[in-house]
Amino acid sequence: MRTQIPALIALVALASPAPAPAQEATVLAAMQDELKRSMSGLRIEGQPAPYYIAYQLDETSNRRLVARLGEIADDASSRGRVLRVEVRVGDYDFDSSRFVSLDRGAGLVAGDSVIVAPVDDDYGVMRRQIWLLSDAAYKRAVNVFAKKKAAFQNRSAGEAIPDFSRETPVERVLPADAMPSRPANDLVERVRQISNVFLSTPQIHSSEASLVEERGRRYYVNSEGFKTVTPIASATLRVLADTQTDEGGVVRDLFEVVERTLEDLPPVAELVTRTRELASRLAGVRSAKPGDDYTGPVLLEQGAGAQLIAQTL
């Protein structure tokens with residue numbers, strides 16, 4: 001959503017109310033009622049029935065400020081819901097999870113589906129969306145389960161490791177804090193100061209500083225009896241820039257800071273210093289000679305290995 005700058009600044013100060021008890025009751029009732037119906041009636045003749053279903057609904061409100069070269073370029077406020085459905089067929093020892101086939105659709109997690117859910121607190125509409133997603137997740141789980149069984153028939157027997165575990169149900173409902181109302185100028189000034197650093201580095205071709213604050217609730221129920229409502233809170237600052245080398249190549253760099261609230265972010269002076277360091281690094285590589293082509297082993301650290309495999313498969 002784009003408007004003129006004065007309206008943008010005013011928008012930042014809007015506060016999103018915490019979910020009302022009636023709203024929470026409607027969401028949970030729709031999820032629990034549809035869960036009962038799916039466990040008893042979600043069937044395809046001649047195919048295994050689901051033994052486990054889980055529903056998760058994330059309801060969030062967020063504010064996003066974007067600055068370029070010291071001026072506010074975008075300011076947006078939004079509210080949304082994302083519904084996730086997990087369906088498993090088989091049993092706890094061997095089910096439709098933990099299997100990736102090499103045909104079309106490879107890489108999708110069987111039985112796990114995600115859609116944007118309606119934001120209206122309409123019990124019937126919510127149940128319909130859950131039903132549609134449950135039906136699609138169940139059909140995919142049945143399909144993958146058949147492929148997994150066929151693949152495992154040709155494997156030699158080894159140590160049997162269960163695909164899933166049964167846990168003691170937990171019911172927990174935690175209160176959620178509303179999006180705090182802050183002085184608009186305070187937020188705007190933070191982003192402007194950080195973005196303003198790139199004005200003194202003409203070697204930078206493009207740059208952006210964005211600040212996103214998100215608040216909300218996560219509703220979760222499953223067929224084992226779990227029911228939880230937990231708060232969602234995050235504040236993310238992202239600074240990125242790019243330049244062009246003497247050979248014409250584009251070089252980019254960025255840093256990101258993620259905390260629970262804006263108050264947990266580092267002081268503005270520290271963030272400005274990190275931004276200057278980023279700009280200095282990029283300016284220094286403009287005249288750097290390109291490295292030689294390399295073919296050989298690569299050492300991956302921390303989570304890079306899992307990310308590479310996920311993107312490749």
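Start by selecting strands β6 and β7 of this predicted model: in their hairpin, five residues lie between the strands, and glycine 248 takes a positive phi near 100°.

**The hairpin strands**

Now widen your selection to residues 227-244, which are β6, and residues 250-259, which are β7. The two strands run antiparallel, and ten bridges join them. For one facing pair, pick out aspartate 242 and look across to β7, where arginine 252 stands opposite.

**A helix to check with a ruler**

Next, select residues 123-152, helix α3. Try the distance tool on its end C-alpha atoms, which are 42 Å apart. Why does that agree with what we should expect? The helix has 30 residues, and at 1.5 Å a residue it should span 44 Å, so the two values agree.

Zoom in on the start of α3 and show aspartate 122 with glycine 124. A side-chain oxygen of the aspartate comes to within 3.0 Å of the backbone nitrogen of the glycine.

Then colour the buried residues of α3: Met126, Gln129, Ile130, Leu133, Ser134, Ala137, Tyr138, Ala141, Val142, Val144, Phe145 and Lys148.

**The largest pocket**

Keep Lys148 on screen, since Lys148 also lines the largest pocket. Add the other lining residues: Asp93, Phe94, Arg98, Phe152, Arg155, Ser156, Gly158, Glu159, Ala160, Ile161 and Asp163. The pocket they surround has a volume of about 280 Å³. Which classes of residue make up the lining? Six are charged, four nonpolar and two polar.

**The cavities inside**

Rolling a probe the size of a water molecule over the atoms shows where empty space is left. In this model the count comes to three cavities of 30 Å³ or more.

The largest cavity has a volume of about 70 Å³. To find its centre, select Arg63, Leu65, Leu187, Leu211 and Glu213, the closest to it of the ten lining residues. The elements giving two or more residues to this lining are β1 (50-68) and β5 (206-222). Six of the lining residues are nonpolar, four are charged and none is polar.

For the last stop, select Arg190, Val191, Ile194, Leu211, Leu237, Leu265, Pro266, Val268 and Leu271, which line the second largest cavity. Here α4 (184-196) and α5 (268-284) are the elements that give two or more residues, and α4 provides the largest share, three residues. The volume of this cavity is about 50 Å³. Its lining has eight nonpolar residues and one charged residue, with no polar ones.

Note on methods:
Residues are numbered from 1 along each chain as its sequence is written. This is a predicted model: local features need pLDDT of at least 70, side-chain atom pairs count only at pLDDT 80 or more; totals for chains, interfaces and linings use all residues. Side-chain values use heavy atoms; hydrogens and water are left out. On a 1 Å grid over the protein atoms alone, a cavity is a set of points where a 1.4 Å probe fits but cannot get out, and a pocket is an open set with protein on both sides within 12 Å along at least five of seven lines; lining residues have an atom within 4 Å of a point. Grid points are joined across faces, edges and corners, and a volume is the space filled by probe spheres set on the points. Ala, Val, Leu, Ile, Met, Phe, Trp, Tyr, Cys and Pro count as nonpolar, Asp, Glu, Lys and Arg as charged, and the others, Gly among them, as polar. Two strands pair if DSSP finds at least two bridges between them. Helices (H or I, at least four residues) and strands (E, at least two) are DSSP runs, numbered from the N terminus. The expected span of a helix is 1.5 Å times one less than its number of residues. Buried means under 20% relative accessible area, exposed over 50%, partly exposed in between (1.4 Å probe, protein chains only). A polar contact is a pair of N or O atoms within 3.5 Å; within protein, one must be able to donate a hydrogen and the other to accept it, and residues adjacent in sequence count only if both atoms are side-chain atoms.
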